[in-house]
Amino acid sequence: MSSNTFGKLFAVTTFGESHGPAIGCVIDGCPPGITIAPEDFAHDLSRRATGKSRWTSQRREADVVEILSGVYQGKTTGTPVALLIRNTDARSRDYADIAETFRPGHADYTYWQKYGIRDPRGGGRASARETTMRVAAAVIAKRWLKEKFGIGVRGWLAQMDDIAPDLPAGAGIDFDVVESNPFFWPVAAQVPELEGRVNALRKAGDSCGARVDVVATGVPPGWGEPVYGKLDAEFASALMSINAVKGVEIGAGFASVSQKGSEHRDEMRLDGFASNHAGGILGGISSGQDILVSIALKPTSSIMLPGRSVNTAGDEVEVRTKGRHDPCVGIRATPIAEAMVALVLMDQALRHRAQCGDVGEVKPRIGRRQS
Ligand code: EPS
């Protein structure tokens, strides 16, 4: 009922608050035999972490993973995998002034209305700090998906404020470029423009939104559970659960509204589909094409510009948010979006195997030529 667990067969429960002693997760249903060590989490956690560049929050967390259970001699045993990360750089005094004030755009007011009590330090449970454990759990999922199916899950920043990647139509994404800058931006020449935009926003005490695109390659056809467990619905739910996400698109998404049927349908040849407006999902089931998803992230609500609000005493007040905040939460969202896509696919793989594992490869199978 309380919705801190994600997934049915690869079930990830996260716990912890931003300024509590630690955050963690328990993965129940993890297949046995996956090789994993504490240092294997470092790469993706560091991609997501604060304090790694000038363009994000300057909170500096070590994000060291302790494996508490479910791993013996370097391999998962099939028992619950428990992971813990201790919080080492919380600065709760930043939140003293706003402990009794509802910050506009934040979860402060709604947590208060729901629970009648809230932990204001660092946003408590509503903080993006929680996404650390999603990324950690997805390290195991990504590894298993790669080893079993050759599946890759990669994301990039596809818009920041009104800046879009300057890429020729139909050009592929160079992931070496994406990984070479702290924005996960696919065009190196535009990075100075992004830096300038963030500097200007900081100076103005404001923030901006962003869009992140993710592609999953190598997903076999047949995953997803119609009618209520459609693969698109699972992605939408998973991605919407990320802090600050206000929109999700699958394939052509909202652009489908102005397409004609003749344009939108992805014609089929034996060596591949002629286009991918469906985003790799037909009738809620993977088609074998690349899975394409996008998320829209709202501008960070913690900004220096004063805004009107109310406090717990019922007074109308003015609030300014001090502290170490991201001028654009989307800058760090790429590994988080990848993580949620990987967690959905991991859970779907196990669910497909449970019901349809005996079906095997059905003929004809359309090739993977990408248009
Ligand atoms: C966050 C506010 C900031 C960020 C935090 C997310 O917290 P604090 O004021 O405690 O520094 O630093 O991000 C992380 C700590 C993290 O690991 O992602 C928020 O309001 O969501």
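This is a dialogue about how to read several features of one predicted model.

Visitor: Where should I begin, and how many helices and strands does the chain have?

Guide: Begin with the overall inventory, keeping in mind that the model is predicted: the secondary structure comes to eight helices and 17 strands. The C-alpha atoms fill a box of roughly 65 × 50 × 35 Å along the principal axes, and 41% of the 371 residues count as buried.

Visitor: What radius of gyration would a compact globule with 371 residues have, and what does the chain have?

Guide: A compact globule with 371 residues would have a radius of gyration near 21 Å, and because the chain has 21 Å, the two agree. As for the contacts, among those between residues at least 6 apart in sequence, 72% join residues at least 24 apart.

Visitor: How do I read the nonpolar core, and which residues of the largest one touch the most other members?

Guide: The general idea is that in soluble globular proteins nonpolar side chains tend to be buried together. Here the largest nonpolar core has 82 residues, of which Val341 and Leu343 touch the most other members. Helix α8, residues 334–356, gives the most to this core, with eleven residues. If residues up to four places away in sequence are not counted, Val341 touches Val153, Val214, Ala216, Phe235 and Val293.

Visitor: Which side chains of strand β7 are buried, and which are not?

Guide: In a strand such as β7, residues 81–86, one follows the alternation of the side chains: Val81, Leu83 and Ile85 point to one face and are buried, whereas Ala82, Leu84 and Arg86 point to the other face and are not.

Visitor: How many bridges join β7 to β3, and over how many does it pair with β4?

Guide: Strand β3, residues 22–28, runs antiparallel to β7 and is joined to it by six bridges, with Ile23 having Ile85 as its bridge partner. Strand β4, residues 65–69, also pairs with β7 in the antiparallel sense, over four bridges, and there Ile67 has Leu83 as its bridge partner. Both of these partners in β7, Ile85 and Leu83, belong to the buried face described above.

Visitor: Which residues come nearest to the ligand, and of what classes is the shell made?

Guide: Of the 18 residues around the ligand, Ser57, Arg59, Gly122, Gly123 and Ala128 come nearest. By class, the shell has two nonpolar, eleven polar and five charged residues.

Visitor: Which backbone features deserve a second look?

Guide: Most residues other than glycine have a negative phi, and most peptide bonds are trans, so exceptions to either pattern are what one looks for. The peptide bond from Pro226 to Val227 is cis, with omega near 10°, and Val227 is placed in the loop between β9 and α6. The bond from Lys363 to Pro364 is cis as well, with omega near -10°, and Pro364 lies in the segment after α8.

Visitor: Is Ser3, with its positive phi, buried or exposed, and what of Phe184?

Guide: Ser3 has a positive phi of about 60° although it is not a glycine, and its place is in the segment before β1. With 6 other C-beta atoms within 10 Å, where 12 or fewer count as exposed, Ser3 is therefore exposed. Phe184 also has a positive phi of about 60°, but its place is in the loop between α4 and α5. With 26 other C-beta atoms within 10 Å, where 20 or more count as buried, Phe184 is therefore buried.

Definitions and conventions. Residues are numbered from 1 along each chain as its sequence is written. This is a predicted model: local features need pLDDT of at least 70, side-chain atom pairs count only at pLDDT 80 or more; totals for chains, interfaces and linings use all residues. A residue is near a molecule or strand if its C-beta atom, placed from the backbone, lies within 6 Å of it. Ala, Val, Leu, Ile, Met, Phe, Trp, Tyr, Cys and Pro count as nonpolar, Asp, Glu, Lys and Arg as charged, and the others, Gly among them, as polar. A nonpolar core is a set of buried Ala, Val, Leu, Ile, Met, Phe, Trp, Tyr and Cys residues joined through C-beta atoms within 7 Å. Helices (H or I, at least four residues) and strands (E, at least two) are DSSP runs, numbered from the N terminus. Two residues are in contact if their C-beta atoms, placed from the backbone, lie within 7 Å. Two strands pair if DSSP finds at least two bridges between them. The radius of gyration is taken over C-alpha atoms; the globule rule is 2.2 Å times the number of residues to the power 0.38.
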